[in-house]
Amino acid sequence: MCAAATRGVLRLVSGVLLGALLVLTLPGPVTAQQALPSAELKRVVGRVEVLAKGQTQWIPAVVGARLAEGDDIRAYAGASAEVALPDTSTVVVAENSRLLLTKIEYDPQSQSRLILLHLVVGKARATVAQAAVTLARIRQSNFAISTPTAVAAARGTILWVFTDGQKSMMAVEPEIGFTEGSSQGVWRQ
């Protein structure tokens, strides 16, 4: 009787384990999150460092590194870095500069974006990808760089930003051939 009881318990345990494995392998509701958009370091010249969100230690920047929302990047004297954003815009961080990636949202299907950068100190040059005309008109495409004293927002242009922490200077340079649904060479009013 003892051997029969042991076999029964073993069968029960085996059945429960097989049932659990079967349940785990069955397709269930998909709850996987979409990967968060990130930026990528495309070029690093000289001493450039990155501070990941929530960290206290700056680490050397390397080409190909992924930068996420909340990360900081700084370039020392004689250094610079180019950051590629998910909407194909790029930002060059000049020497003696520090840039915070405040917000990075991009939906490749609808091409809507919300990219907010904060230039703490120094210079940055952003080549802003032109959003679809319909998205721009319904304000679903935003790109802005703030400084301690100003905010610059743009679409489909080159944006130069400088701050020393006390005062800021910004300039906009339209890209050659930038149009908004009109013939080539016609500039947006």
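A salt bridge is taken here as a side-chain nitrogen of Lys or Arg within 4 Å of a carboxyl oxygen of Asp or Glu. In the predicted model examined here, E69 and K103 satisfy this criterion, with their closest N and O atoms 3.8 Å apart. The pair connects distant parts of the chain, since E69 belongs to the loop between β4 (66-67) and β5 (72-75) whereas K103 lies in strand β8 (residues 97-107), 34 residues apart. Neither partner reaches the exposed class, because that class begins over 50% relative accessible area: E69 is partly exposed at 28%, and K103 is likewise partly exposed at 25%.

The structure holds ten salt bridges. One of them joins K42 to E40, with a separation of 3.5 Å between the closest N and O atoms. K42 has a relative accessible area of 45% and is therefore classed as partly exposed. In another bridge, the side chains of K167 and D164 meet at an N to O distance of 3.7 Å. The two partners fall into separate accessibility classes: K167 counts as exposed at 56% relative accessibility, while D164 counts as partly exposed at 36%. Shared partners also give rise to a network, in which salt bridges join E40, K42 and R66.

With respect to overall architecture, the protein chain contains two helices and 13 strands. Of its 189 residues, 32% count as buried. Among contacts between residues at least 6 apart in sequence, 50% join residues at least 24 apart.

Strand β6 (80-84) is mostly covered, with four of its five residues buried. This strand has pairing partners in both β1 and β7. Strand β1 (residues 39-45) pairs with β6 in the antiparallel sense over five bridges, and within this pairing R43 has E82 of β6 as its bridge partner. The antiparallel pairing of β6 with β7 comprises four bridges, and A81 stands opposite V93 in β7.

The hairpin formed by β6 and β7 has five residues between the strands. Within this connection, T88 adopts a positive phi near 80°, a value noted in a residue other than glycine. T88 is placed in the loop between β6 (80-84) and β7 (90-93), and its relative accessibility of 64% is the reason why the residue counts as exposed. A further positive phi, of about 55°, is found at N96, which is not a glycine either. N96 is located in the loop between β7 and β8. At 47% relative accessibility, N96 counts as partly exposed.

Strand β12 (residues 157-163) is also mostly covered, five of its seven residues being buried. The strand pairs with β9 in the antiparallel sense over six bridges, and R125 stands opposite W160 of β12.

Strand β9 (residues 112-127) also contains H118. The side chain of H118 makes a polar contact with the side chain of S146, at 2.7 Å. When neighbours within four places in sequence are left aside, the contacts of H118 are R98, L99, L100, T102, S146, T147 and P148. S146 thus appears both in this list and as the polar partner of the H118 side chain.

Regarding aromatic residues, the structure holds zero aromatic pairs. Rings nevertheless take part in arrangements with charged side chains. The charged end of R74 sits over the ring of W58, 3.9 Å from its centre. A further arginine, R47, lies over the face of Y76, also at 3.9 Å from the ring centre.

How values were computed:
Residues numbered from 1 in each chain as written. Predicted model: local features only at pLDDT ≥ 70, side-chain atom pairs only at ≥ 80, totals over all residues. Heavy atoms only, no water. Phe/Tyr/Trp six-rings, centres within 6.5 Å; stacked < 30°, edge-to-face > 60°. Lys NZ or Arg CZ within 6 Å of the ring centre and 35° of its normal. Polar contact = N/O pair within 3.5 Å; in protein donor to acceptor, adjacent residues only side chain to side chain. Contact = heavy atoms within 4.5 Å. Buried < 20%, exposed > 50% of the residue type's maximum accessible area, 1.4 Å probe, protein only. Pairing = 2+ DSSP bridges.
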